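Thanks for coming, everyone. I'd like to walk through one structure today. Please have a look at it first.

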Amino acid sequence: MRVMNINIGSTPKLFKSVRYSLAAVNSIFLIKGIILPILGVTFLVKHKVYDQIITNRFINLPAFTIATGVLILAIAVLGYYGAFSEKFYVVAGYAALMVVIFVFEMTITIIAFDLRNSSATAIRTPMVESMNLYEARRDIARLWDDLQMSFECCGVSGRHDWSNRIPISCCHIDYGTISPFQCNISNSYPTGCASALGGWFSKNAHVIGTFAAVFTSIQALLTAMSGWLAWRAKFEEVELES
């Protein structure tokens, strides 16, 4: 097999060696692998608070983000081994796995931005179902009370969802208010919780989607670089660093 000899004596060490080039690429890759699980765990914890009134889509998105980050960390180990050994099959396997991560990050981006546009609609049905259990289950009642007080909202679409049994959590109670206090249509929050909570989920999905979009762009470059380094490891005579 013919070996290509390229004069790279004046090229910076980072670029003239597969070892250093791949180590640099993999270090950037590793940083993404650290950020993604942190991002996923942050939003997973936030979303789990409302797991009884949302669909699995809001849990699966951050969970998939975490899984992708963990996979990146595992692949990064292979990347550093490939950089150290400069073996073609190791570097080629690493490049192939980079393509997989590119697809995963693109998937996260698509799912996140789709969820951003459909959050309020996606949670409406499970919210209606759980609201009907308000008086039957204390855990549901606590969840709805915390939700309505935190987001200053009432019902799913609005305060009329509760008919004549509007919870006190639908109303703002000023400090120093003395009982009896009555919460009714006239003094309850006008905003529906599907709109308020959906807007919050939409912002969260937007954050995940933005990170994923940026990381997908970076991953495209890293994937191309790893493919080029795999080609160099097989077909070029490169300087081996001790």
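In what order do the elements of the protein run from the N terminus on? The answer is β-α-α-α-α-α-α-β. That makes six helices and two strands. Keep in mind that this is a predicted model. The protein has 242 residues, and 42% of them count as buried.

Next, the annotation. UniProt, in an unreviewed entry, places the feature "transmembrane region" at four stretches: residues 20-45, 57-82, 88-113 and 207-231. I checked two of those against the model. Residues 20-45 are 100% helix and 0% strand. The end C-alpha atoms of that span lie 38 Å apart. Residues 207-231 are also 100% helix, with 0% strand. There the end C-alpha atoms are 36 Å apart.

Now the surface. Which residues make the nonpolar surface patch of about 550 Å²? They are Ile-31, Ile-34, Ile-35, Ile-38, Leu-73, Val-207 and Phe-211. Two helices each supply at least two of the patch residues: H2, which covers 18-48, and H6, which covers 193-235. H2 gives the largest share, four residues. Take Ile-35 as one of the patch members. Ile-35 sits in helix H2. Its relative accessibility is 32%, so Ile-35 counts as partly exposed.

From the patch, go inside. How many residues does the largest nonpolar core have? It has 38. Inside this core, Ile-53, Met-127, Trp-144 and Leu-147 have the most contacts. Five elements are on the list of those giving two or more residues to this core: H2, H3 (57-85), H4 (88-131), H5 (138-151) and H6. H6 provides the largest share of this core, with eight residues. The core also draws on both domains. At least three of its residues come from domain 1 (13-84), and at least three from domain 2 (93-241). So H2 and H6 turn up twice: each supplies the nonpolar patch, and each gives residues to the core.

On to charges. A general point before the list: side chains of opposite charge can pair when their charged atoms come close. The search of the whole structure finds five salt bridges. I'll take three of them, starting with Lys-32 and Glu-105. Their side chains meet at 2.8 Å, N to O. Why does this pair tie together parts that are 73 residues apart in sequence? Because Lys-32 lies in helix H2 and Glu-105 in helix H4. Are these two residues buried or exposed? Lys-32 is buried, and Glu-105 is buried too.

Second pair: Asp-51 and Lys-48. Their closest N and O atoms are 3.8 Å apart. For a salt bridge the cut-off is 4 Å. Asp-51 is partly exposed, with a relative accessible area of 37%. Lys-48 is partly exposed as well, at 43%.

Third pair: Asp-139 and Arg-137. This salt bridge comes in at 2.8 Å, N to O. Asp-139 has a relative accessible area of 35% and is partly exposed. Arg-137 is partly exposed, also with 35%.

Last stop, the loop between H5 and H6. Which residue there has a positive phi of about 50° although it is not a glycine? That is Glu-152. Its place is in the loop between H5 and H6. Glu-152 counts as partly exposed, because its relative accessibility is 45%.

Gly-155 lies in this loop too. Here the relative accessibility is 0%, so Gly-155 counts as buried. Gly-155 and Tyr-189 are 34 residues apart in sequence. In space, C-alpha to C-alpha, they are 9.1 Å apart.

Cys-183 is another residue of the loop between H5 and H6. Cys-183 is buried, with a relative accessible area of 11%. Its C-alpha atom is separated by 8.3 Å from that of Ser-169, and the two residues are 14 apart along the chain.

To recap: six helices and two strands, a 38-residue nonpolar core, and a Lys-32 to Glu-105 salt bridge between H2 and H4. Over to you for discussion.

Technical notes. Residues numbered from 1 in each chain as written. Predicted model: local features only at pLDDT ≥ 70, side-chain atom pairs only at ≥ 80, totals over all residues. Heavy atoms only, no water. UniProt positions renumbered as here; feature names shortened; annotations may be inferred. Patch = residues over 30% accessible without salt bridge, like charges linked within 9 Å, V, L, I, M, F, W, Y side chains within 5 Å. Areas by Shrake-Rupley, 256 points an atom, 1.4 Å probe, with all protein chains shown as cover. Buried < 20%, exposed > 50% of the residue type's maximum accessible area, 1.4 Å probe, protein only. Core = buried A, V, L, I, M, F, W, Y, C linked by side-chain atoms within 4.5 Å. Domains from an automatic or database assignment.
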